[in-house]
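I opened this entry to keep track of what I looked up in the structure. The notes follow the order in which I went through it.

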Amino acid sequence: MNIFNMTIHELHTALKGKQISSVEATSAMLKRIEAVEPNVGSFITVTPEHALAAAGKADQLIAQGACELLTGIPLAIKDIFLTEGIRTTCGSRILHNFIPPYSATSWEKLCDCGAVLLGKLNQDEFAMGSSNESSAYGTTRNPWDTTCIPGGSSGGSAAAVAARQAIATLGTDTGGSIRQPASHCGCVGLKPTYGRVSRYGVIAYASSLDQVGPLTRDVADCAVMLGALAGHDPKDSTSVDTPVPDYSATLSQGVKGLRIGLPKEYFIDGLDPDVQKAMDAAIDTYRRLGAEFVDISLPHTDYAVATYYLIATAEASSNLARYDGVRFGHRAEADGLLEMYTKSRSEGFGSEVKRRIMLGTYALSSGYYDAYYVKAQKVRTLIMNDFISAFADVDVMLTPVAPTPAFKVGEKINDPLQMYLSDIFTIPVNLAGTCAMSIPAGFSAAGLPIGLQLIGKPFGEETVLQAGFAFEQATEWHTRKATI
Amino acid sequence: MKYQPVIGLEVHVQLLTDTKIFCGCSTKFGAEPNSQTCPVCLGLPGALPVLNKKVVEFAIKAGLSTNCSITPRSIFARKNYFYPDLPKGYQISQFEDPICQHGWLDIAVDGDTVKRIGITRIHMEEDAGKLVHGELSGPGDGSGVDLNRACTPLLEVVSEPDLRTSDEAVTYLKQLHQIVTWLGICDGNMEEGSFRCDANVSVMPVGSNTLGTRAEIKNVNSFKFVKQAIEYEIQRQIDLIEDGGTVVQETRLFDPNSGTTRSMRSKEEAHDYRYFPDPDLVPLVISDEWINRSRQELPELPEQRRQRFMDELGLPLYDAEVLTASRALADYFEAGIAAHSNAKAVGNWIMGEITRALNDSGTAIEACPIAPGQLAELLTLIDNGTISGKIAKTVFDEMWRSGKAPQVIVEEQGLVQVSDGDAIERMIDEIMAANAGQVDEYRSGKEKVFGFFVGQVMKASKGKANPSVVNELLLGKLKG
Ligand SMILES: [Zn+2]
């Protein structure tokens, strides 16, 4: 078997059994990256020296008998995670020269497990986008069809898994940025509950919505990654101090008697027929496995996208104020302070980022604050309450991830509203602050992957992973590989 | 027309915590530029604030000491604006739901009248860094940014517009200054900016109910300047109105060199700070238990202590006020009266000799070389007649210089008072014999000469003769 096709579990077995070393595995991955990168463009920065050095260290650990599940596993992470000494751009020109002096907690935790960093992955600029087209470092292509987008904003993270350029990857999800590209690229992507994983060292887009999560080949790998990432971080006041369960241990408990909710607002007329078909088939599968279905309603779903684009942009307008050319990042030549600010930011930010900064600034402006930001917060509370009442009757919810499979590169680039609507099923989960996972659930007639979304209760990742694992055991969608 | 000034003060109080409000960096003053920084206070991407609990404790203490109610669930907000000394492009502050609200201070105006000045709110916030101009290493005439001060904890204490004169403003400010230094939450150093004040000033015709347009005066960093700036601004606004002009809402800067204020930015140029709750910080929940614990930990405040000095020790108001000027001074006094029962005498010595010596040498009471117990010993030596009050001053000076115990100094220098009647009588006899003319003068009714004889005896005894014994014997002898 090709090393680059392996899951974390498979490679771990090979490493532990000394059939292969981490340096060999890492070299194989680097070769694979080199081979397919021209067609995919998943990476902003590949870090072969770091990778081989870390792999060498991992091999020493393995030789000493200390081989944890992630020891020596070659991973790649979205370029939104700060990596000490390694350039971190967040997909933006304004950070083209930014070498962070510290690392994100989430990445540090994986490092502590012995993971190997292959490089930093492409993304929409500052995680603002659903197609990876807003990156300042070129558009990542969907490995299943390189004329299509991989989704976004963690497009590079999903494409790298699908193109087998990394065994697993890290992404972030603010409005669907892990789940939507995972769905489009046919991999597993989990957005944990807000507060489950530390945000420290992750470049902020919308602080009250951002959450770190893994993208993997299968659910079992996802459980391993989440276990390594989760937990309270004293450096992040919003990270929550609740115990981290052993996600792998309870994975195979099955779905017999599991009550699955089908929110009627997510199964709308305009849904792509291939997506609808995949959902129907998934429901059948779960029924066969002994799950029960309950029709539920999340009545404020219609307001989610508008609410999101007020709250997320308001927070972003403030979060992105620090990119002013004074202390780090891109600084334009200028005669005075105001000109330095204006030119640095005009040159450094792309159009989507500028659009959202302006939108957010407007929403927070005196005279508009109550009508926009405050009202959006109120609607957010209503949306949260929708989920709380619905979860009184069900254990998880099953919905599509996106209304359509991956669209063509350039198809929606000039129509921001259409682009925003591609996150219609993922956004409410971020507003509610709960967890959800995308898993492969079929293919369109054109051969593009279709994901299904399992939404869990707050800190209900265990149940979501169990439900995902049961589906995976009963289907073979996740085993299919993009031919690239 | 007569005008009524209306004044409100916004005071920034820099807190004496060891570390900054949202990170673990040191707050020490005067370190190498940017040496006390980390990703959080540098505003690096990905960095997140974590609230320093000590700051909350200090804020609660300040609130309780100014009669505020403590907000059970208070919120941090972002105040957004661009400036190179503000690394994140926003300042973390509080806007809606600040930690302390609805307080007051009672101040004395015109001697005895007490006036209640409302305190609208006290909120916590981070300080900005500092721009350094000119003195940079490196080429050009650029400016540098020193972020050591960035993220230093501040309280902002906002008063109601209840003040009417510059004197009231200064009285209020001094009282607030006394409280925060008394609590030990601020060093009170106005020159270094640890306690700084902005004043909102407006005028309206006497009898009017409508407040005039106000100007906000920034950068007034001494009590004297506060008085100057407010008085200048009141007059400026009155002159402007009298000349047919109108006062515009603006921010003005006080220039301590000229004693005037000048326009800094108009209302139109004012920032729209776009305040909104900081999503990186969870709401600060303060339990009743926490508030009660803080209340119990509060020291006795200046006002309470003043009252107690008057009620229990019988001190006059003036003495009580002077002796509670600072917590350290009041503590010194209390330590003194613990070792000596005459509170009035201890107080007099502290207000007299001790204060003079401290002022002359520029020493703080905390560093006073004479311990309160030693002062008490000195007073005991006077009480038991070992030394006279006059000699005591000589002993005091020597104690200040050498740090020796008063008993030791008295013995070493032979300063023990002479109360022995025979010895004094001998001296009197000699002096009377040598000054027969003055004896006659006295006896012929010129009683003022008595003082001359006392002086001569004290001189002969080198000041050691017990004055009351001298008086008694002298009177007997002169009367013949
Ligand atoms: Zn710091």
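Buried area here is the accessible area, with a 1.4 Å probe, that two parts lose on being put together, summed over both. I note at the start that this is a predicted model.

**Entry 1. Domains of chain A**

I looked up the domain assignment of chain A and found domain 1 (3–259 + 393–479) and domain 2 (302–377). I then took the C-alpha centres of domain 1 of chain A and domain 2 of chain A, which lie 27 Å apart. In the contact, 29 residues come from domain 1 of chain A and 25 residues from domain 2 of chain A.

How much area is buried between domain 1 of chain A and domain 2 of chain A? I got about 2400 Å², and carbon and sulfur atoms give 65% of that area. On the side of domain 1 of chain A, I listed A:Ile94, A:Met128 and A:Tyr420 as the residues that lose the most area to domain 2 of chain A; together they account for 30% of what that side buries.

I checked the same interface, domain 1 of chain A with domain 2 of chain A, for salt bridges, and the rule finds zero. For polar contacts across the interface of domain 1 and domain 2 of chain A, the rule finds 13 residue pairs, both residues at pLDDT 80 or more. I asked which elements give two or more residues to the side of domain 1 of chain A that touches domain 2 of chain A, and they are helix H13 (416–421) and helix H14 (427–432) of chain A. I sorted the residues of that side of domain 1 of chain A by class and have 17 nonpolar, nine polar and three charged.

**Entry 2. Backbone in chain A**

Most residues other than glycine have a negative phi, and most peptide bonds are trans. I looked for exceptions.

I found a cis peptide bond between A:Gly152 and A:Ser153, with omega about 5°. I placed A:Ser153 in the loop between strand E3 (116–121) and helix H5 (155–162) of chain A.

I noted A:Asn132 in the loop between E3 and H5 of chain A. Phi of A:Asn132 is near 70°, a positive value in a residue other than glycine. Is A:Asn132 buried or exposed? A:Asn132 counts as buried because its relative accessibility is 0%, and the cut-off for buried is under 20%.

I also noted A:Cys90, which is not a glycine and has a positive phi of about 55°. A:Cys90 sits in the loop between strand E2 (74–78) and helix H4 (105–112) of chain A. I recorded 0% relative accessibility for A:Cys90, so A:Cys90 counts as buried.

**Entry 3. Chain B against chain A**

I counted 31 residues of chain B in contact with 37 residues of chain A. Chain B and chain A bury about 2700 Å² between them, with 59% of it on carbon and sulfur atoms. In chain B, I have B:Pro45, B:Phe82 and B:Arg274 losing the most area to chain A, together 23% of what that side buries.

I searched the interface of chain B and chain A for salt bridges, and the rule finds one. B:Asp280 forms a salt bridge with A:Arg199, and I put their closest N and O atoms at 3.1 Å apart. For polar contacts between chain B and chain A, I have 17 residue pairs, both residues at pLDDT 80 or more. Strand E4 (77–80) and strand E15 (276–277) of chain B are the elements that give two or more residues to the side of chain B that touches chain A. By class, I sorted that side of chain B into 22 nonpolar, four polar and five charged residues.

**Entry 4. Inside chain B**

I looked up the division of chain B: domain 1 (3–290), domain 2 (300–413) and domain 3 (421–479). The C-alpha centres of domain 1 of chain B and domain 3 of chain B are separated by 67 Å.

I located B:Asn200 in strand E11 (residues 195–205) of chain B. B:Asn200 is buried, at a relative accessible area of 12%. What does the side chain of B:Asn200 make a polar contact with? I found the side chain of B:Glu10, at 3.2 Å.

I located B:His340 in the loop between helix H7 (327–339) and helix H8 (343–361) of chain B. B:His340 counts as buried because its relative accessibility is 7%. The side chain of B:His340 makes a polar contact with the side chain of B:Asp383 (2.7 Å).

Methods
Residues are numbered from 1 along each chain as its sequence is written. Chains are lettered from A and ligands numbered from 1 in the order in which they are written. Side-chain values use heavy atoms; hydrogens and water are left out. Domain bounds come from an automatic or database domain assignment. Contact means heavy atoms within 4.5 Å. A salt bridge is a side-chain nitrogen of Lys or Arg within 4 Å of a carboxyl oxygen of Asp or Glu. A polar contact is a pair of N or O atoms within 3.5 Å; within protein, one must be able to donate a hydrogen and the other to accept it, and residues adjacent in sequence count only if both atoms are side-chain atoms. Helices (H or I, at least four residues) and strands (E, at least two) are DSSP runs, numbered from the N terminus. Ala, Val, Leu, Ile, Met, Phe, Trp, Tyr, Cys and Pro count as nonpolar, Asp, Glu, Lys and Arg as charged, and the others, Gly among them, as polar. Buried means under 20% relative accessible area, exposed over 50%, partly exposed in between (1.4 Å probe, protein chains only).
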